[in-house]
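These are my notebook entries on one protein model. I set down what I looked up, entry by entry.

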Amino acid sequence: MGDLIASNADKIVDSLLQSIKLIAEYEDSKDVKPYTNIVHDICDVELKYGNHKKSLTNAQQCVTLETFDNTYRASTNQNTNPKNCKRFKDFNSNVTNLLNREQQEHLDDSINEQLLQDVALHRIDPFTKRPMRNPVRNSVCKHVYDKDSVKGVLKVNAQTRCPVVGCSSKQYIQMNQLVEDKELRRKLEKVAASEDPLED
């Protein structure tokens, strides 16, 4: 009987954890209290069953009905708290992990989305209209170009202004005003790596 209770309790708790996983993934509200209450009740049943079984074992040694009854009642009146049950603690720990993991995944998605937006703004070199590999930032107007591209353009025409539409700078671009943008380069490399098809 005890094995049957434990087996069914395992199935119910697994099912509840799957439900919570779905809640964490698809629901705005993360109210898991009803599920926690169910596990609390399951632990209560398991503890009471264990107490009754132990009480019967203790009372079997009694010779009279009165001593049997007294021994049985004394054993079953032990105060047991389902919240101290290992199953209840494990369930709460799993729920916390599931909700935290889901929260972290949402945060990672948000960071990746921001990364893609940042890169989309600066991915294409304004001179060649090709993806940048080595971005440099103009310290005057703050616009970004590919280093090789801007170098090539300045070799051909030293009197080149920023090609970004709407740029307010009237100064000619000078190589000593261009600063390597390591952060953007790192982001470009990260996005390029995530877009590479997986090799078999």
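I take contact to mean heavy atoms within 4.5 Å. The model is a predicted one.

**Entry 1: Lys-147**

I began with Lys-147, which lies in helix H5, residues 147–156. I asked which residues Lys-147 is in contact with, leaving aside its neighbours within four places in sequence. I found Asn-134 and Val-136. For Val-136 I also looked up the backbone: its C-alpha atom and that of Lys-147 are separated by 5.7 Å, with the two positions 11 residues apart along the chain counted as their distance in sequence. Lys-147 has a relative accessibility of 31% and therefore counts as partly exposed, since that class lies between the limits of 20% and 50%.

**Entry 2: the chain as a whole**

I then turned to the overall layout. The protein chain has six helices and three strands. Read from the N terminus, their order is α-α-α-α-β-β-α-β-α. The chain has 200 residues, and 27% of them count as buried. I looked up the accessible surface and found about 14100 Å² for the protein chain, with 51% belonging to carbon and sulfur atoms. Among contacts with a separation of 6 or more, 57% are accounted for by residues 24 or more positions apart.

**Entry 3: the aromatic pair**

How many aromatic pairs does a search of the whole structure find? I recorded one. The partners are Phe-127 and Tyr-145; their ring centres are 5.4 Å apart and their planes stand at 55°, so I entered the pair as tilted. Phe-127 is in the loop between helix H4 (86–122) and strand E1 (135–138), and Tyr-145 is in strand E2 (residues 144–146), so the pair ties together parts that are 18 residues apart in sequence. I next asked of Tyr-145: is it buried or exposed? Tyr-145 is buried, at 0% relative accessible area. Phe-127, at 22% relative accessibility, counts as partly exposed.

**Entry 4: the loop between H4 and E1, and Lys-142**

I stayed with the loop between H4 and E1, where Lys-129 lies. Phi of Lys-129 is near 60°, a positive value in a residue other than glycine. I noted this because most residues other than glycine have a negative phi. Lys-129 counts as exposed, at 58% relative accessibility.

Arg-130 also has its place in the loop between H4 and E1. The relative accessible area of Arg-130 is 60%, so I list this residue as exposed. Not counting residues up to four places away in sequence, Arg-130 touches Arg-123, Ile-124 and Asp-125. I also looked up Arg-130 against Asp-146: they are 16 residues apart along the chain, and their C-alpha atoms are separated by 9.0 Å.

A positive phi was also recorded for Lys-142, near 75°. Lys-142 is placed in the loop between E1 and E2.

**Entry 5: Val-32 and Ile-42**

I looked up two buried residues towards the other end of my list. Val-32 is found in the loop between helix H1 (2–26) and helix H2 (33–59). Its relative accessible area is 13%, so Val-32 is buried. Which residues does Val-32 touch, not counting residues up to four places away in sequence? I entered Ile-20 and Val-95. The C-alpha atoms of Val-32 and Leu-16 are separated by 9.6 Å, the two residues being 16 apart along the chain.

Ile-42 is found in helix H2. With a relative accessible area of 14%, Ile-42 is buried. Beyond four places in sequence, Ile-42 touches Ala-9, Ile-12 and Arg-87. Ile-42 and Asp-10 are 32 residues apart in sequence, and I noted a C-alpha to C-alpha distance of 9.8 Å.

**Entry 6: the cavity**

My last search was for enclosed space. Rolling a probe the size of a water molecule over the atoms shows where empty space is left. The structure holds one cavity of 30 Å³ or more, and the volume of the largest cavity is about 30 Å³. What lines the largest cavity? I listed Asn-138, Val-140, Cys-162, Ser-169, Gln-171, Tyr-172, Ile-173 and Gln-177. By class, that lining divides into four nonpolar and four polar residues, with no charged ones.

Terms used
Residues are numbered from 1 along each chain as its sequence is written. This is a predicted model: local features need pLDDT of at least 70, side-chain atom pairs count only at pLDDT 80 or more; totals for chains, interfaces and linings use all residues. Side-chain values use heavy atoms; hydrogens and water are left out. Helices (H or I, at least four residues) and strands (E, at least two) are DSSP runs, numbered from the N terminus. Buried means under 20% relative accessible area, exposed over 50%, partly exposed in between (1.4 Å probe, protein chains only). Accessible areas come from the Shrake-Rupley method with a 1.4 Å probe; for residues, only the protein chains shown count as cover. Rings of Phe, Tyr and Trp (its six-membered ring) pair if their centres lie within 6.5 Å; planes under 30 degrees apart count as stacked, over 60 as edge-to-face and the rest as tilted. On a 1 Å grid over the protein atoms alone, a cavity is a set of points where a 1.4 Å probe fits but cannot get out, and a pocket is an open set with protein on both sides within 12 Å along at least five of seven lines; lining residues have an atom within 4 Å of a point. Grid points are joined across faces, edges and corners, and a volume is the space filled by probe spheres set on the points. Ala, Val, Leu, Ile, Met, Phe, Trp, Tyr, Cys and Pro count as nonpolar, Asp, Glu, Lys and Arg as charged, and the others, Gly among them, as polar.
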